[in-house]
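Here are my notes on the model you sent round. Please read them with the coordinates open.

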Amino acid sequence: TADMNSNVHPAVAALVLVMTGVAVGLWVWASGLAASLGGPAELRTGPDGHVFIQIQNHLVEHDTSGAFVRNHDLDTLDVTLFLGGYAFFSDGDILLRRGPDPRSFLDNLRAYSRETNRKSIIPEEPGSGLFRCNLETSACERFGDGGIDFKAAHGVFIDWQTDDVYISDTTRHLLRKYSSTGVELAPAAGGFKFPNQLMVVDGQLLVADTNHHVVRSLKPESPMFGEQVDSKDVVPTAATSARQTWPTHFARVGDHWWVNNMETGMDRGGIYVFDSEWNHIRRVKLPPDADPISILKVGDAVWISDWNNDVVRRFTAEGAPMANLESAGLETVLAFSREERLRYTMLSYAGVAVVVVMFLGLFVRAFAQSMNKPSATRPSKPDAVVALADTSPLHLEPNGRLRKRMQGALILVGILTLLAGVSLLVMLSALGKPEAIVRFAAPLGGLIAIVMLIAWTNRANWGTAVSLNGNTLTLRDHTGRQSSCSIQQVRYDDTAIATRDAVVMLGRPKARIYDEQDVQAYLIPRLREAKKVG
């Protein structure tokens, strides 16, 4: 290792470090974006009974029978990145957050470590924060005179009897209550740990108190807002065994309650059914890879959004599976989402590939250096002897040991390239993306062609030879043709030697095709009368 490091140029080391940092940054950035491009998330019902499915910056509207109505692109409302929850007022207006995501890496790290968000709820920019918008006209007005901004309010509920707004300020562990115009109607209620979905049912405010593993019943009236009425443990033994202990979403289905208890990573949850007294009845059967998010009763069915599998699953009120929701509008948005996810996934793989290629290059360089070190069992020819070697015949051919190692390395690289290509094609085929196969076929074919060209070039060099007999030098080039001339007519440098008709590649000093000791000790001293070129 010390020998290898001693031969690494500082500029090369700096370049490797910079490129590694860029590649790792690309991998982290692209992986994060790919992970954020999930499928259906929050499900909401509008005052007209229509169902809205949120997928990134889209709300896909369906009627109660599951027929597609319209796709609402939230870019028209200046929603740069959908953050938090949303809800509808009684007149059909929607309450949601506009603006970019101002959260830094440290903000996300604090949230992950369960630290309380201590930043102000006043918007940092004029166009950011909660807005009340009309989906038909795209007209929006700020919610609250001074503006209110929650980047992680994952529960929003609007009581259509009064249009009062209830918000789970999730990362501050608070519940808040506002009027339809954004006037605060009561002091924030505390005592929660990452509250999520909430709703007013039968005169009580229910909230999923996620990190306390319960669903709480509270008083919604402004003078007593947030006072606890009851608390129900919604993590039965089956959920504990499955490590699904974090309740985030729930829905009332007839006289029963359906609760989504997620795993520690806030994903891959399980749907557990409770009776009217919150006694556990059963678990809804989902596929092993299901990642349920939101639960919504629609007519006689129950809809459940599945983030990772790009589907909205449907069940009967008794928990029997029905056909998944299918509509042209939903599939259009999901197809675009899958395309973007695949693109960023490939970019993240590219970052990993850059790191692998760089370290493979360093390994090959070290390997080449180790192969060209003088053998410990082969003594160097003394300078006095070299000086006297002027007329004795000399015949040199490529290093046979190096040839075998180089062939082995090329075979290994070829196999790895082939395996990578086959794996990529299999993966893309499994994803059902024939157009992506065509897109990646060209660069993959180019890589294979480069490997084959290197293999052919190195193979051709092994048939060469250099001979010296007195003042006459004879070269046998890669075609097998021989050319002889006097030493005075020879041209050479550190990598090659040439007559007027032929050229033989000696290899670079750190990666000789010919043995480095033979070149330096026997050949170069005999070329004093030849022309050394740059």
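The points below go through strands, aromatic rings, cysteines and a few single contacts.

1. Status of the model. This is a predicted model. The remarks that follow should be read with that in mind.

2. Strand β15. The strand covers residues 214-218, and 5 of its 5 residues are buried, so β15 is largely enclosed by the rest of the structure. Val-214, Arg-216 and Leu-218 point to one side of the strand, while Val-215 and Ser-217 point to the other. In a regular strand the side chains alternate between the two faces of the sheet. Here the residues on both sides are buried, and they include an arginine and a serine.

3. Neighbours of β15. Strand β14 (residues 204-209) runs antiparallel to β15 and is joined to it by 5 bridges. Strand β16 (residues 228-233) also pairs with β15 in the antiparallel sense, over 5 bridges. Arg-216 can serve as a reference point across these strands: it is the bridge partner of Val-207, and it stands opposite Ser-231 in β16. The hairpin of β14 and β15 has 4 residues between the strands, and His-213 there takes a positive phi near 65°.

4. The sheet β21-β22-β23. These 3 strands form an open sheet in that order, with antiparallel pairing. The edges are β21 (292-298) and β23 (311-316); each has a single partner strand, so one side of each is left without a neighbour in the sheet. From one strand to the next the twist averages 25°. Between β21 and β22 (residues 301-306) there are 5 bridges, in the antiparallel sense. Lys-297 has Val-302 in β22 as its bridge partner.

5. Aromatic pairs. A search of the whole structure gives 10 aromatic pairs. One of them is Trp-257 with Trp-278, a stacked pair with 4.9 Å from centre to centre and 15° between the planes. The two residues are 21 apart and the pair links distant parts of the chain: Trp-257 belongs to strand β18 (residues 256-262), and Trp-278 to the loop between β19 (270-274) and β20 (280-283). Both tryptophans are buried.

6. Ring cluster and Arg-44. Phe-52, Phe-82, Tyr-86 and Phe-88 are linked into a cluster by ring pairs. Tyr-86 has a further contact through its backbone: its oxygen lies 2.9 Å from a polar atom of the Arg-44 side chain. Arg-44 is in strand β1 (residues 43-45). With a relative accessibility of 12%, Arg-44 counts as buried, because the cut-off for buried is under 20%.

7. Arginines over rings. Which ring does Arg-132 lie over? The ring is that of Phe-89, with Arg-132 over its face at 3.8 Å from the ring centre. A second case is Arg-343, whose charged end sits over the ring of Tyr-344, 4.8 Å from its centre.

8. Cysteines. The search of the whole structure finds 1 disulfide. It joins Cys-133 to Cys-140, with an S to S distance of 2.1 Å. The link is right-handed, with 115° about the S-S bond. How accessible are the two ends, buried or partly exposed? Cys-133 is buried at 0% relative accessible area, whereas Cys-140 is partly exposed at 27%. Cys-485 is buried too, with a relative accessible area of 12%.

9. Glu-331. This residue is found in helix α5 (residues 328-371). Its side chain makes a polar contact with the side chain of Arg-338, at 2.4 Å. The C-alpha atoms of Glu-331 and Val-311 are separated by 9.2 Å, with the two residues 20 apart along the chain. At 39% relative accessibility Glu-331 counts as partly exposed, because that class lies between the cut-offs of 20% and 50%.

Notes. Residues are numbered from 1 along each chain as its sequence is written. This is a predicted model: local features need pLDDT of at least 70, side-chain atom pairs count only at pLDDT 80 or more; totals for chains, interfaces and linings use all residues. Side-chain values use heavy atoms; hydrogens and water are left out. Rings of Phe, Tyr and Trp (its six-membered ring) pair if their centres lie within 6.5 Å; planes under 30 degrees apart count as stacked, over 60 as edge-to-face and the rest as tilted. Buried means under 20% relative accessible area, exposed over 50%, partly exposed in between (1.4 Å probe, protein chains only). A charge sits over a ring if NZ of Lys or CZ of Arg is within 6 Å of the ring centre and within 35 degrees of the ring normal. A disulfide is a pair of cysteine sulfur atoms within 2.5 Å. Two strands pair if DSSP finds at least two bridges between them. Axes are lines fitted to C-alpha atoms, for helices over the stretch in contact, and angles run from 0 to 180 degrees between N-to-C directions. A polar contact is a pair of N or O atoms within 3.5 Å; within protein, one must be able to donate a hydrogen and the other to accept it, and residues adjacent in sequence count only if both atoms are side-chain atoms.
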